[in-house]
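Me: Could you walk me through reading the surroundings of a bound ligand?
Reply: Sure, let's look at one together.

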Amino acid sequence: MSNTSTTRHTRRVFSGVQPTGNLTLGNYLGAVRNFVALQDDDSFERLYCVVDMHAITQPFKPIELKSAIHEVAAAFIASGLDPAKSILFNQSRVSAHAELGWIFNCVARMGWLNRMTQFKEKAGKNKENASVGLYAYPNLMAADILVYRATHVPVGDDQKQHLELTRDIAQKFNNDFEVPDFFPLCEPLIPAESARIMSLRDGTAKMSKSDPSDNSRINLSDTADLIAQKIRKAKTDPEPLPSDIEGLAERPEARNLVGIFAALAGTTQDAVLGEYGGRGFGDFKPALADLTVEKISPIGDEMRRLTAAPDHIDAILAEGADRAAALARPIMTEVYETLGLLGGGTTG
Ligand code: AMP
Ligand code: TRP
């Protein structure tokens, strides 16, 4: 496929994670692990951001926000992101995100945002009382990406619609202001086996930081014992595992656990069923518990070590922010010039 992102623009990866509570196995398998995988591909520049300005779109406690920012940064590093290879920073330190976010509020159309399913889920029944920020959130997300002219965005499946909107915004900006190729049309990088990890209590709901039941998710910070306990308690059905994928079609909980196994083992669901097909959960769950503990609990241990020294994490984020701001500023100068605004020369 040839589009502007692979021609005029430098190959650049951007992704973000919100500091809104514990990171889950879903965040890890759907996103962070792929951030790490891209780190060894020298054809890309990489920026990974703790998107703290997104975290204030819903109710939050300032006293908890700061430690949540450090915790996501610690999870990045503990998962294998190296600040020498990737730019790690927090969004609120680089004001260009908010500047371009405002400009995109004036580019995106109400009708586009009205279609965003994540707003509907997050606002719930009480839409009138949702913050304007929650509604405009996808515009800020587009700004996060385009302020660096990022071409590739590793995310889980739930962000697909936001990335389509990002492309629409880029295209409209390029067309309206007659600057072809100004912004690239970025491509999502969505993992095949783990795009959507589901709750351990309900195989039809996404595993989420905000689920009221802690047993519904594995947190990266969970101890080995807690991880094993949550897997043992995971909802299942009484049937043995099938020997092929079609046999999982009506069994969302079984499908989810097989998917988690495959993703953690770096194999396919077919291969997992090749080994466990015909065997019951009494065999499968202990194997999954061992595998999850083996892969995830070292990350939790390292996160605890890192968050014990928040000043060190903060120094990494501040240094990353300086590098990110240096990439964003010339692009913002071009944006201001393109719009006929006089802001391009500001230093703030
Ligand atoms: P968030 O926690 O909403 O900021 O999400 C950060 C990243 O994790 C995004 O790329 C999401 O798509 C991804 N993600 C979150 N939950 C899941 C899940 N249950 N399965 C797969 N990916 C997920
Ligand atoms: N909206 C994303 C989420 O909830 C987080 C995010 C914000 C993001 N800005 C981004 C992801 C830019 C990728 C690129 O998961």
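What follows is a short chat about the two ligands.

Reply: This is a predicted model, where local features need pLDDT of at least 70, side-chain atom pairs count only at pLDDT 80 or more, and totals for chains, interfaces and linings use all residues. Residues are numbered from 1 along each chain as its sequence is written, chains are lettered from A and ligands numbered from 1 in the order in which they are written, and side-chain values use heavy atoms, with hydrogens and water left out.

Me: Which residues come nearest to ligand 1?
Reply: A residue is near if one of its heavy atoms lies within 4 Å. Here 17 residues surround ligand 1, and Gly156, Asp158, Ile197, Met207 and Lys209 come nearest.

Me: Which polar side-chain atoms lie by an oxygen atom of ligand 1?
Reply: A polar contact is a pair of N or O atoms within 3.5 Å. Asp158 puts a polar side-chain atom 2.4 Å from a ligand 1 oxygen, and Lys209 has one 2.6 Å from an oxygen.

Me: And what about ligand 2, which residues are closest there?
Reply: Its shell has 13 residues, with Gln18, Tyr137, Met141, Asp144 and Gln159 closest. Nitrogen atoms of ligand 2 show up in two contacts: a polar side-chain atom of Tyr137 is 2.6 Å from one, and a side-chain N or O atom of Asp144 is 2.7 Å from one.

Me: Which helix gives the largest share of that shell?
Reply: Helices are DSSP runs (H or I, at least four residues), numbered from the N terminus. For ligand 2, H7 gives the largest share, four residues.

Note on methods:
A polar contact is a pair of N or O atoms within 3.5 Å; within protein, one must be able to donate a hydrogen and the other to accept it, and residues adjacent in sequence count only if both atoms are side-chain atoms. Helices (H or I, at least four residues) and strands (E, at least two) are DSSP runs, numbered from the N terminus.
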